[in-house]
Amino acid sequence: MTNDTKNPPIDRVDGRMKVTGGARYFADFELPNMAYCVLVGSEIGRGSIASLDTRRAQNAPGVLGVFTHQNMPPIPGWDAPVGGEADGPAPKPKTEETYRILSSPKILFDGQPIALVVADSYERATHAASLVRATYTRQAARTDLRKHVAEGIAPGRPGRSGDYVRGKADGYKEAPVTLEAHYTIPTEVHNPMELHGILAHWTGPDSLMIYAKTQGVNATQQAMAQAFKLDPKNIHVHTEFMGGGFGMGLRTWPQETAVVAVARKIGRPLKLVVTRQQMFTLVGHRPYTVQTIQMGADRDGKLVGIAHAATAETASYEDFTEATVNMTKFMYACPHVSTRYRIVRLDRSVPIWMRGPGEATGAFALESAMDEMAYKLGIDPIDFRLRNYTETDPEHNRPYSSKHLREAYQKGAEAIGWTDRKPQPGSVRQGDWLVGYGMSTGTFNAFRWEASARALLNADGSLTVQSAVTDIGPGTGTALTVIAHNVLGVPVNRIKVAYGDTSLPKAPTQGGSAIVSAVGSAVFEVCTAIRNTLVELATKAGGPLAGRKADELTLADGQLFVEKDPAKRVAVSDLMRTNNLTVIDKSGDSKGGPNQAKYSMYSFSVHFVQVRVNPLTGVVRVTKAVSVADSGRIVSPKTAASQMIGGVAGGIGMALTEEAVIDHRFGRFVNNNLGDYHVPVHADVPAIETIFIDKPDPIINPMGAKGMGEIALIGFAGAVANAVFNATGQRIRELPITPDKLLRTT
């Protein structure tokens, strides 16, 4: 790890608690008289329930109820028209189908819940669920995107549906050198260690306590308020710790709403923890996507035109969309750019934004095509990108708030040993292995959403920071601690961050790499307000530093002192005591200003990899990885490096192992378990070097920090594919790059 940062690294503030078992995840909570529920999934991919026999399950020991479409308690908010917001934080565009869990005999996807079994123990609920019997009227399930690509429709969600054209749509054809290539991303599934679920407890007729696996407690609060027509203030949601989100916690899923309804019916707290198999069908996935890149360049390596078309799956009952083609619109200087995005409604459960969302999908196609064109032109891949580098956003015709990608290319190339790369594929061998180098660029919007925070400085010098934000694992609590420390100088071990609860100041959902920018800004501002109060007290007439100006003073280790004359100082505790203050309490809201609309704000990454490929077995090993982040000021170097390392591990999975396989005869996954769905293990992940440009963005927020979580993965799969080509001369355009695909092309 290379820490090119100004902030010293600190350990995760919750690290010891997590590794010693002190952290409590939603399933760890136990309440008096609690019941347990298990979902029974459909055994067909399309059709309807012909008969449903629950008698044996009803009579099993400990069973408190079996709920189906015949007796499911009503959910008041679901009486609203389809397309409302009863089961999630964002509007769902209406389709020809309707999916309301346990409300109809209609089956829209394999594994769709047909019964919810409640018992006084998890084991008894599981046993009773196995006794439910159903017969079906089957219909052919449409699950193969490739067979239905021609049925793609333009999605109706604003900002996602319009075809984009700059210059001429087919301007690439005017170039002397052209390329057309097709790329495929399979279905990928989240599979974090922690399973999905919820614990719901009605504490009164109209008051509700929820422990859930959610990336946003305020969003879950709002979704449940809409579903049950309650005042949000009467719903308390708690998610302090989360064992990996990857996007699955970005919405409130229908089974969560069903559990809340059944908990009210039985009058007991009710817990659901889904099975590993149900994780494949009930909490979203990366959508299967096919893409075509058509590219043209002149012989000097200047791009003439790019056309990028993508078609992705969605559910029959909900139009899910993502920004698959967006990177192509602005990444490179190119006069003729067109993008086209379509979705196909299939008999599948709905996808969700996942691990770098559509940008990761689109970057694989664009950055693979850039490598292919560079090879056609006989130009080094980095040089080709630099020849088409742009200092301003060509999509919106405005400057970037900051962009230091040239430096990122240089630092990454030096670290990976790019000069050892040979331009002729298959020309480097070490023993039985072919060696290759590849690189790729990633980018993602740098957001700053509205957020609130509260800070309380106590007379003993300790500080409490509060925000409802959920920390899904990147170290948000640690980053907020560092921000507060940098403003107030309170020692890190005397700062407590309280988060993950709706009783705290409102915060956005953790997603889109925006939390440090949004919540961090709120923390910065309330801590600055405390600092201003201390300065006013110290410098007022009769104060210990009377007459001094604010910019002369420094706060550190509980002392306020004159920076150029450190002997002139006052302890914060003394200052508060003499002013009869036991606490200084500041709260506030924070959001970006109108000036931000004048800039395009993005984070950037460059990934470099070295691979070894065995030509006899087709095995690919990533032997070295360097990831460079251009994401503004690095607030917490240690957790930032961890983010980049996690992105590389996920990128290796995306490139080489991950694929959820469907038997299209039945519309069913055949590898819905961690034995057959392959994720990278320790032996697959090499030592990873992370490098930070660490230059503050002057526009986005007071810290100058931009998001990092998404760019840690976006582009990495393309770097691996490009390295495999450099090693073997074989261009694999369909992920994952498995041995059979390499051997098939030899």
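**Notes on helices, cores and a cavity**

1. Let's start with helix α11, which covers residues 515–539. At 1.5 Å a residue, its 25 residues should span 36 Å, and the end C-alpha atoms sit 35 Å apart, which agrees. Keep in mind as you look that this is a predicted model.

2. Now, how much of α11 is buried? Of its 25 residues, 18 are, so the rest of the structure largely encloses this helix.

3. Next, have a look at the largest nonpolar core. This core has 98 residues, and the ones touching the most other members are Leu116 and Leu463. Helix α11 turns up again here: it supplies twelve residues, the largest share of this core. There is also another core apart from this one, with 87 residues, including Ala181, Met331, Tyr332 and Tyr437.

4. Try clicking on leucine 116. Which residues is leucine 116 in contact with, once you leave aside its neighbours within four places in sequence? You should find Cys37, Val38 and Leu39, then Gly65, Val66 and Phe67, then Leu102, and finally Ala258, Val259 and Val262.

5. Ala258, Val259 and Val262 take us to helix α5, where each of them is buried. Helix α5 runs over residues 254–266, and its 13 residues reach 19 Å from first C-alpha to last, close to the 18 Å expected at 1.5 Å a residue. Eleven of those 13 residues are buried, so to speak of α5 as mostly covered is fair. Pro254 and Ile266 are among the buried ones. Just after the helix, glycine 267 has a positive phi of about 70 degrees.

6. On to the empty spaces. Rolling a probe the size of a water molecule over the atoms shows where empty space is left. In the whole structure, a search turns up six cavities of 30 Å³ or more. The second largest holds about 70 Å³ of space.

7. What lines that second largest cavity? Its lining is made up of Phe109, Asp110, Phe280, Thr281, Asp347, Arg348, Ser349, Ile662, Gly667, Arg668 and Phe669. Sorted by type, that gives four nonpolar, three polar and four charged residues.

8. One lining residue to pick out is threonine 281. Threonine 281 sits in the loop between β12 (270–273) and β13 (289–297). Is threonine 281 buried or exposed? Its relative accessibility is 10%, so threonine 281 counts as buried. Leaving out neighbours within four places in sequence, threonine 281 is in contact with Phe109, Asp110, Gly111, Ser349 and Phe669.

Conventions:
Residues are numbered from 1 along each chain as its sequence is written. This is a predicted model: local features need pLDDT of at least 70, side-chain atom pairs count only at pLDDT 80 or more; totals for chains, interfaces and linings use all residues. Side-chain values use heavy atoms; hydrogens and water are left out. On a 1 Å grid over the protein atoms alone, a cavity is a set of points where a 1.4 Å probe fits but cannot get out, and a pocket is an open set with protein on both sides within 12 Å along at least five of seven lines; lining residues have an atom within 4 Å of a point. Grid points are joined across faces, edges and corners, and a volume is the space filled by probe spheres set on the points. Ala, Val, Leu, Ile, Met, Phe, Trp, Tyr, Cys and Pro count as nonpolar, Asp, Glu, Lys and Arg as charged, and the others, Gly among them, as polar. Helices (H or I, at least four residues) and strands (E, at least two) are DSSP runs, numbered from the N terminus. The expected span of a helix is 1.5 Å times one less than its number of residues. Buried means under 20% relative accessible area, exposed over 50%, partly exposed in between (1.4 Å probe, protein chains only). A nonpolar core is a set of buried Ala, Val, Leu, Ile, Met, Phe, Trp, Tyr and Cys residues joined through side-chain atoms within 4.5 Å. Contact means heavy atoms within 4.5 Å.
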